[in-house]
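Q: I've got a protein model open and I'd like to learn how to read it. Can we go through it feature by feature?

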Number of protein chains: 2
Amino acid sequence: MAVLTRKQREVRDRESRILDVACEMLIEHGYHGLSMDRIAEVLEYSKGTMYQHFSCKEEIILALANASLTDRLALFRRAAAFPGRPRERIVAVGVASEFFVRLYPHHFRLEQVLRLSSVWEKTSPERRQFMHHCESQCVGCVSGIVRDAMASGDLTLPDGATPEQLVFGLWSMSFGAQTILASSTSLVDIGIGEPHRALALNQARLLDGYHWRPLSTEFDYEVTAERIATEWSADETKPADSQITSGDSTKTILSTKPTSASAT
Amino acid sequence: MAVLTRKQREVRDRESRILDVACEMLIEHGYHGLSMDRIAEVLEYSKGTMYQHFSCKEEIILALANASLTDRLALFRRAAAFPGRPRERIVAVGVASEFFVRLYPHHFRLEQVLRLSSVWEKTSPERRQFMHHCESQCVGCVSGIVRDAMASGDLTLPDGATPEQLVFGLWSMSFGAQTILASSTSLVDIGIGEPHRALALNQARLLDGYHWRPLSTEFDYEVTAERIATEWSADETKPADSQITSGDSTKTILSTKPTSASAT
DNA sequence: TCATTTTTTGACAAGTCGTCAATTTCAGTA
DNA sequence: TACTGAAATTGACGACTTGTCAAAAAATGA
């Protein structure tokens with residue numbers, strides 16, 4: 001038994017196969033379409049074996065979410081390390097966010113399910129904590145940029161305001177927009193043609209409202225965003241890969257700049 | 001049979017009782033705690049009778065959401081009619097939003113469930129359309145204020161930007177904040193102490209970013225907000241009523257300014 | 001009073017999730 | 001190679017869903 005016995009490797013592989021199948025089911029048939037029986041059937045194992053990996057259905061969902069969140073954190077960290085003025089780094093985070101959505105088109109649906117208290121409560125403390133960890137690390141990542149901006153004099157927060165408050169503004173706007181986007185078919189009817197652009201624009205306006213220099217009226221951040229996007233896209237070995245996450249495409253993004261995301 | 005037979009009235013009453021019980025169950029035990037059998041049991045009717053009112057569980061949830069949304073629209077309309085400069089009217093909408101959250105603390109949990117495609121798809125087109133109606137009316141209500149501001153010269157949108165885009169910014173930020181708030185227990189850990197204030201502040205900053213005059217640095221909108229809040233609170237006959245919606249408290253808010261919300 | 005229509009009922013089918021005793025497979029030893 | 005004790009796997013099972021529908025009960029009208 002060098003490091004892992006054959007058996008252990010087998011179990012490990014099975015776990016990831018369970019997640020793959022579960023992910024596909026969730027994407028294809030939504031929350032109600034995810035059934036332990038059906039996963040077992042597809043993988044040709046008995047249901048009992050499934051429960052040896054995950055104590056309940058909800059654990060699978062949280063495991064899937066945690067997988068995406070790990071990658072998001074990596075993307076955010078990479079963005080935060082972007083060389084440039086703080087506000088450009090924030091733009092990089094925005095690009096990271098967009099990348100994330102493209103990499104995991106299903107993520108927000110997962111998170112939506114998870115935020116239902118009756119689902120959340122069934123999950124294990126360990127996995128819950130890991131999710132919180134990712135979340136607060138992401139916030140910390142961005143608030144770090146805010147602090148840098150304050151240190152360099154680009155930004156002065158009003159009395160009583162904290163960097164985290166500003167980050168909460170970006171976060172809630174982004175989260176809200178993505179959730180609405182993922183679940184609403186008829187935004188166009190309402191008059192919102194390009195929601196993604198609208199989001200980016202509104203984020204910029206929010207920062208302008210905080211007088212974060214250089215303002216979006218003084219500097220063309222769309223150019224920056226595009227530059228970052230092309231730069232990052234070039235890193236991907238297979239840019240035209242299937243949109244639906246298949247474990248591999250994840251690795252391509254991640255491997256470009258390994259950031260130790262040790263946790264839990 | 002003057003207008004409604006006794007029987008018809010009886011059925012009508014039962015429908016609202018079903019909704020009452022369902023609402024309580026949802027608040028108390030979450031989505032999974034809502035069961036048709038249990039509703040029937042509580043009301044001492046058979047399950048079959050439940051299905052004569054609502055074709056499925058999801059319809060009940062959507063009916064509950066539509067009830068809240070009707071009231072929200074009324075609140076928004078009232079806010080939009082606030083006498084003052086457009087940006088003050090936007091502040092009034094913000095206050096309306098807060099009122100709404102206080103009146104229906106459970107609403108965002110409902111909406112979260114509804115936005116799950118697998119739930120949404122089971123609902124009837126009629127109710128779906130009604131919800132869309134409320135949604136677009138709310139957006140229209142606010143974008144109307146934006147247009148007024150443009151007409152009066154208080155606001156000039158950048159090229160290519162539409163009033164709806166701005167509204168989308170407010171909407172997504174508010175929706176995101178409320179959803180995060182309703183589902184996350186540990187925002188304080190992350191560093192966001194007063195999320196409600198943070199939301200209001202960020203909304204103001206967003207509008208500042210659009211240069212919507214008077215800016216929040218030139219005019220104290222918090223005073224305006226407080227004035228509106230006290231004014232509205234005074235209208236309520238029973239301000240210290242139970243927070244949990246019980247049909248009655250709704251009416252008190254609504255009756256202050258009847259706005260015909262005909263639809264479907 | 002009785003026939004017709006409407007409403008109500010609850011047993012039922014089909015589907016969940018999670019458990020656990022019994023079986024099979026595996027790993028180390030003689 | 002044969003055997004034995006530990007570990008993994010199985011699938012029938014209980015308890016719970018939702019939604020249906022023939023039959024029973026109630027309401028209506030003549």
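Q: Let's start with one residue. Leaving aside its neighbours within four places in sequence, which residues is Ser68(B) in contact with?
A: Keep in mind that this is a predicted model. Once those sequence neighbours are set aside, Ser68(B) touches Phe100(B), Tyr104(B), His107(B) and Leu110(B). As for where it sits, Ser68(B) belongs to helix H4 of chain B, which covers residues 57–80.

Q: Is Ser68(B) buried or exposed?
A: Ser68(B) counts as buried, because its relative accessibility is 1% and the cut-off for buried is under 20%.

Q: Now the cysteines. How many disulfides are there over all chains?
A: The general idea is that a disulfide is a covalent bond joining the sulfur atoms of two cysteines. Here the count is 0 over all chains. Take Cys134(A): its closest cysteine sulfur, in Cys138(A), lies 6.8 Å away, so that is too far for a bond. Cys141(A) isn't in a disulfide either, with the nearest cysteine sulfur, again that of Cys138(A), 6.6 Å away.

Q: And are those two, Cys134(A) and Cys141(A), buried or exposed?
A: Cys134(A) counts as buried at 2% relative accessibility, and Cys141(A) counts as buried at 14%.

Q: What turn lays chain A on chain B?
A: In general, two copies of a chain are related by a rotation about an axis plus a shift along it. In this model a turn of 180 degrees with a shift of 0.0 Å along the axis lays chain A on chain B, with an RMSD of 0.1 Å. The two copies are therefore related as by a two-fold rotation axis. Both copies use the same surface, too: 100% of the contact residues of chain A recur in chain B.

Q: How much area do chain A and chain B bury between them?
A: People often give the size of an interface as the accessible area lost when the parts come together. For chain A and chain B that is about 4,400 Å², with 65% of it on carbon and sulfur atoms. Phe168(A), Ile190(A) and Arg205(A) supply 15% of the area that chain A buries against chain B, more than any other three residues. The contact takes 49 residues from chain A and 49 residues from chain B.

Q: What about salt bridges and polar contacts: how many cross this interface?
A: There are 0 salt bridges across the interface of chain A and chain B, but 15 residue pairs are in polar contact there, both residues at pLDDT 80 or more. Several helices of chain A each supply at least two residues to the side touching chain B, among them H1 (6–33), H8 (125–152) and H9 (163–183). H9(A) gives the most, with 14 residues.

How values were computed:
Residues are numbered from 1 along each chain as its sequence is written. Chains are lettered from A and ligands numbered from 1 in the order in which they are written. This is a predicted model: local features need pLDDT of at least 70, side-chain atom pairs count only at pLDDT 80 or more; totals for chains, interfaces and linings use all residues. Side-chain values use heavy atoms; hydrogens and water are left out. Copies are superposed by least squares on the C-alpha atoms of residues with pLDDT of at least 70 in both. Contact means heavy atoms within 4.5 Å. Helices (H or I, at least four residues) and strands (E, at least two) are DSSP runs, numbered from the N terminus. Buried means under 20% relative accessible area, exposed over 50%, partly exposed in between (1.4 Å probe, protein chains only). A disulfide is a pair of cysteine sulfur atoms within 2.5 Å. Buried area is the accessible area (1.4 Å probe) that two parts lose on being put together, summed over both. A salt bridge is a side-chain nitrogen of Lys or Arg within 4 Å of a carboxyl oxygen of Asp or Glu. A polar contact is a pair of N or O atoms within 3.5 Å; within protein, one must be able to donate a hydrogen and the other to accept it, and residues adjacent in sequence count only if both atoms are side-chain atoms.
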